Amino acid sequence: EALVVNDPDFQHEDLNFLSRSQRYEQAIRKSSLMVMKLREYGIADPEEIYWFKSFVHRGRPEPLDLHLGMFLPTLLTQATPEQQDRFFMPAWNLEIIGTYAQTEMGHGTHLRGLETTATYDPATQEFILNSPTVTSIKWWPGGLGKTSNHAIVLAQLYTQGQCKGLHAFIVPIRQLGTHEPLPGITVGDIGPKFGYDEMDNGYLKMDNFRIPRENMLMKYAQVEPDGTYVKPLSDKLTYGTMVFIRSLIVGDSARSLSRACTIAIRYSAVRHQSELKPGEPEPQILDYQTQQYKLFPLLATAYAFHFVGAYIKDTYRRISGDISEGDLSELPELHALTAGLKAFTSWTANAGIEECRMACGGHGYSRCSGIPDIYVTFTPSCTYEGENTVMMLQTARFLVKSYTQVSSGQRVTGTVSYLNDLSRQRIQPQHVAARTVTVRINDPVSLVEAYKARASRLVEAAAKNLQAELNHRKSKEDAWNRTSVDLVRASEAHCHYVVVKLFAAKLPEISNAAVRAVMTELCLLYALYGISKNTGDFLQAGILTNAQITQVNQHVKELLAIIRPNAVALVDAFDFHDAHLGSVLGRYDGNVYENMFEWAKKSPLNKTEVHESFHKHLKPMQAKL
Amino acid sequence: RVNPDLASERQTASFSVEKLTAQLDGGAEHTRIRRAVVEAIECDPEFSRENQYFQSQNERYEAAVRKAVHLQKKMHEMGWTESGPEFKYIYRALSGDVAFLLHRIFMRSISVLGSDKQIAKWIPLATQFQLIGSYAQTELGHGTYLQGLETTAVFDITTQEFILNTPKISAMKWWPGDMGRSATHTVVFAQLYVHGKCYGVHPFIVQIRSLQDHSLCPGITAGDIGPKMNFEHVDNGYLMLQNVRVPRENMLNKFCEVQPDGTYVRRGSQKINYFTMTTVRISLIADEVIIPLMKACTIAIRYSVVRRQSKLKPGEQEAKILDYQTQQEKLLPPLAAAYAFHFINDYLQELFERGYREIQRKNFDTLPELHAFSSGFKAMVTQYCTSAVEICLRACGGHGYSLLSGLPSLYTKILASCIYEGENTILLLQTARFLVKCFMAASAGQSVPPSVTYLAAVKPGKCPAKNKSDFLIPDIYIEAYQHTAVRLISSTAAKLQDLIQSGVKKHDAWNQCTVQLVQAAKAHCHYITVKNFAETVEKLETKAGIQKIMKHLCDLFALHGIFSNTGVFLHDGYISGAQMDMVTASYLDLLAIIRKDAVPLVDAFDFTDKSLNSALGSYDGQVYQRLYEWAQKSPTNKQINPAYERYLKPLLHNTLSKL
């Protein structure tokens, strides 16, 4: 971090004052520098590269993201040795800058719907690439608009008159040397977005564009010179990459929410407003119960998500070893779990960042607060790498499958093992009711049980509703669609349970007693706040009584007061450097107002004392009226 | 040519779209006038918003000033006046993209707070744009809590002037619109000091820029506060005052005056001031909050029948995404809310007109009720609509994030409404204070304002519904909402009493109950909205299918509210677990019913393509062509790529030897 923060080459004007083109240019400049510095310092470890990159770009996207994050890895995993010789070193040395062109204007999450075609011509041993309709134009890939000269394009493969499904092709798109688009290629930037100003998300249209047969990535599936298609072995392996990327999003949810909390909580300690007690000076707004109620549950959530992110990463590392040894048994569960957790954490963090911004009043709305920027950079993660609702339904599919297994007498393992209890309950109908009295609202372990009961009740309800629909209707798909609102709720409850469970499981591992005490308070707050926001589920299932709900609500408020003295310390512990935080309101030193004034003076509208609009419009009008 | 996927949606409408539009406008004649105004503005290229998404802050500001100036000419040409029937549609037609809105507040504050003499002096100047006004209340360190303002105005008896100062940095005026670059004058709110005694906050007219060359006046530091999430077209400003002197006559003195000898005189009732604040809150609901939600619904719902994704049935075409239950669950409740809030807005307007007539007759009795209403509904409606617009944005997948969809700017603009004209949490607490007071009065058998008489009728009891269709009876769900509102208000009031009786100081007790108080205030507003929706539906004409579809929307709005707040309805057992399952079943059934009319229901909002300014939401549904065409207009595609020559080229070639 210090390497970057102290390097004058990486300094620049406040991005809030720059136009989109200028921001893109700054990002490209820093990326170029970054690549050279990485080589200069000899940094090659992926983890270290990741950190270096995130400090250089302060957690923002940059035009080479797809080159480093998708183009190079795809070459490594899907190219033949011959193709690696041809493409990998030039790409490593950035003679080739690539991107990954999958999404089309009319097609996103549902990959089989993609329309781009690659037709094999055995006469010339080439593939002919086409974008047959407007909806088939590649749309959104990062770095495609202006930066890249190559792209890995996903297209429907046609050979010998048959469609063989989606395959990946290396397609040159711009002339090396002049950077002009090649004949048959139409490429450009898709225009301004909600954030991601520094990224040239692009479009790509291909008209009878020919590439040699050897440009199809052929480590798995192959097309032989005569056009014969050779099928790949297994496709479960691609799960691995998806799990990895989704685990990054969970980590990003934690980080983005932590940044927003840091800003809002520090500012709430600096801002004074109204009076709590007549005659006394205006109190810090963090002393108001309503303000604490907005911010502290989010703080607890940020910590919870940190632990979840770390858990997924560790699990992935552990399972990766198994995968390379050919053991894929744990992969389906991890795949299903990360889909749901990706959606659960990104939705929660997204809403949480907005809450933090609103908690900063009017000044939160100014770009100088830094929160608008955190929000627009983070919010697309609800959509990319799998739209959240679709992700929740994937998890639900796994939950229903596990439930069906349990119903037919099999046992399930892993995070869904609580479903095993459901079969026992059928024998002892009192089971759930008997549990009500056992929930102790001061004990994280007991609260985990409450969340477990809620999840199992909602999974069961969704599965039963699905079955009822199936009994009515012929089509499985229709029944699924008519139950999908219930299914999403079941997935959410399952993910919520997993988060509470991981948080509670973390507590005994903390050796420092004071840290453990404060983490226990946060864990309790997280769990109890979740109950108070979803009381209906707990009441309806008979997990908690009305009296207990009242106690939960009361205890949440007591915890707010308990956490209050540690609030600033808890965000300081996230250890964000001021430059990384990018916020005037969230400065470590708390000198908010004087620095807001300094910041505003640099606004583009203030460049001249009298704005040119005065001479152009105001003065002539006054003269006329 | 209309996209067939959209055209087919319009053929199956169960009601007359044109009739519903007229209903929303308050009569076919109003629809005609509105369309004429929109047409006149949209066909004038000076008002074009075509390049808006590509413009910088400087360009947006300049365009807004240009449009404001042009608007004066246009109004003159068209014969529109500020009191004419066309006026209220102008802002809608411009989509708010115009400068000098604060100039109007400047004029309004003088009209309300100024003496006849002051009005005679300043209003003609302002009307003629011989000066441009602003309204400087909020400070860097102080917002909603007015008594905390730190700017000072000290009366100097020898020169008969007030000396205005910004004593420290947190006292700098911050945020006022039109003040950063445009305004020549502003109304400054400052603590008045006479002979060393502080008399509280008062308004003063202060000139800040020269009328000749627009340079800053002596002692004035002013400028733009920098980029925000939206409102790039407005020059929100800062203002620092250093020994700025204004004549005694510049203090707005209808209600308070400092006489030449320094005697402070107060006259008349200041209550009317509060009424102004109250009316501003109500007036913003329609233009700044409900219309953006209607636009967002229009865009998201039209796009959701054009976009196809995955297959619902094997072997069929990919399905329209609006056919997915989860997509309906995202978009149809906001649609129902847009109608619910449209009707509650009508109700509030009427309430305020009645209140205004009373106040003109010097009867201030209704003021507390009006104040509580305006605070609570402003907070509830802005909060609900802000979340709903964001849901619409995220329901459009990746393309929702493109500025060309129109949704990001609708969202970033509407979300400011949760803060301005009173921060929502604080407003809800004001409503809660009123409710608790009324509840105590009602319990003691005293009379209370008509809107809260229900607080007196506390009865326990259970929801009588026996099957899922019972939850489509308005009386059943209205009762449930009423019961919940009463329970939340009474239990909070009781808690407050308990705390105070146990020796906790009043203000501490209040702070300890604020989370519950906010919840209670929301429940009250939600109840009134549901009740009003159901009553409005009753009165609608039964012809042309309008009443029927509105009844469905009313049911959906009510049941969605229960479905998403199950806990508060289950809490004391008013609704049982089994009944809650009926609510869910009824609610999900309604989604499928309203789905069929979703497109006609947004068509009835009657937005032109220009006013939506969205590549995804246009009437003809040619989404993809438009997205592609608009993207090509982006400046990033027109100019040569400066980053290539400067950075990419060396990266791609020369540097390789160094690596």
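Begin by displaying chain A and chain B together: in this predicted model, 125 residues of chain A are in contact with 133 residues of chain B. The two chains bury about 10,900 Å² between them, and 60% of that area lies on carbon and sulfur atoms. To find where chain A contributes, select Phe194(A), Tyr365(A) and Leu605(A). These residues lose the most area to chain B within chain A, together accounting for 7% of what that side buries.

Remain at the contact between the chains and select helix H22 of chain A, residues 592-601. This helix lies across E4, E7 and E8 of chain B, and runs at about 115° to E8(B).

Next, show the strands beneath that selection on their own. Three strands of chain B make up an open sheet in the order E4-E8-E7, with antiparallel pairing. Strand E4 (173-174) and strand E7 (220-224) of chain B are the edge strands, each pairing on one side only. Colour E4(B) together with strand E8 of chain B, residues 237-241: the two pair in the antiparallel sense over two bridges. Within this pairing, which residue stands opposite Trp174(B)? The partner is Tyr238(B), in E8(B).

Continue along chain B to residues 274-436, which UniProt lists, in an unreviewed entry, as "domain: Acyl-CoA oxidase C-alpha1". Over this range the chain is 72% helix and 2% strand. Select the C-alpha atoms at its two ends to see that they are 21 Å apart.

Now return to chain A and select Thr103(A) and Gly142(A), which the UniProt annotation "binding site" covers in an unreviewed entry. The two span 40 residues in sequence, yet no two of their C-alpha atoms are more than 10.7 Å apart, so they gather at one spot.

Take Thr103(A) by itself. Thr103(A) is placed in the loop between strand E1 (98-101) and strand E2 (117-121) of chain A. Is Thr103(A) buried or partly exposed? Thr103(A) counts as partly exposed, because its relative accessibility is 27%. Beyond four places in sequence, Thr103(A) touches Gly108(A), Lys138(A), Trp139(A), Trp140(A) and Pro141(A).

Gly142(A) is found in another loop, between strand E4 (138-139) and strand E5 (150-159) of chain A. With a relative accessible area of 5%, Gly142(A) falls under the 20% limit and is therefore buried. Show its contacts outside the four nearest places in sequence: Leu66(A), Thr99(A), Met199(A), Asp200(A) and Asn201(A).

Move on to helix H14 of chain A, residues 444-472, and pick out Lys452(A) within it. Why does Lys452(A) count as buried? The relative accessible area of Lys452(A) is 18%, which is under 20%, so the residue meets the criterion. Setting aside residues up to four places away in sequence, Lys452(A) touches Tyr418(A) and Tyr497(A).

End the tour at helix H2 of chain A, residues 20-41. The 22 residues of H2(A) reach 31 Å from the first C-alpha to the last, close to the 32 Å expected at 1.5 Å a residue. Colouring by accessibility shows H2(A) to be mostly covered, with 16 of its 22 residues buried. As a last selection, take Gly42(A), just after H2(A), where phi is positive at about 65°.

Conventions
Residues numbered from 1 in each chain as written. Chains lettered and ligands numbered in written order. Predicted model: local features only at pLDDT ≥ 70, side-chain atom pairs only at ≥ 80, totals over all residues. Heavy atoms only, no water. UniProt positions renumbered as here; feature names shortened; annotations may be inferred. Helix = DSSP H or I, 4+ residues; strand = E, 2+ residues; numbered from the N terminus. Pairing = 2+ DSSP bridges. Contact = heavy atoms within 4.5 Å. Axes fitted to C-alpha atoms, helices over the stretch in contact; angles between N-to-C directions. Buried < 20%, exposed > 50% of the residue type's maximum accessible area, 1.4 Å probe, protein only. Expected span 1.5 Å × (residues − 1). Buried area = accessible area lost by both parts, 1.4 Å probe.
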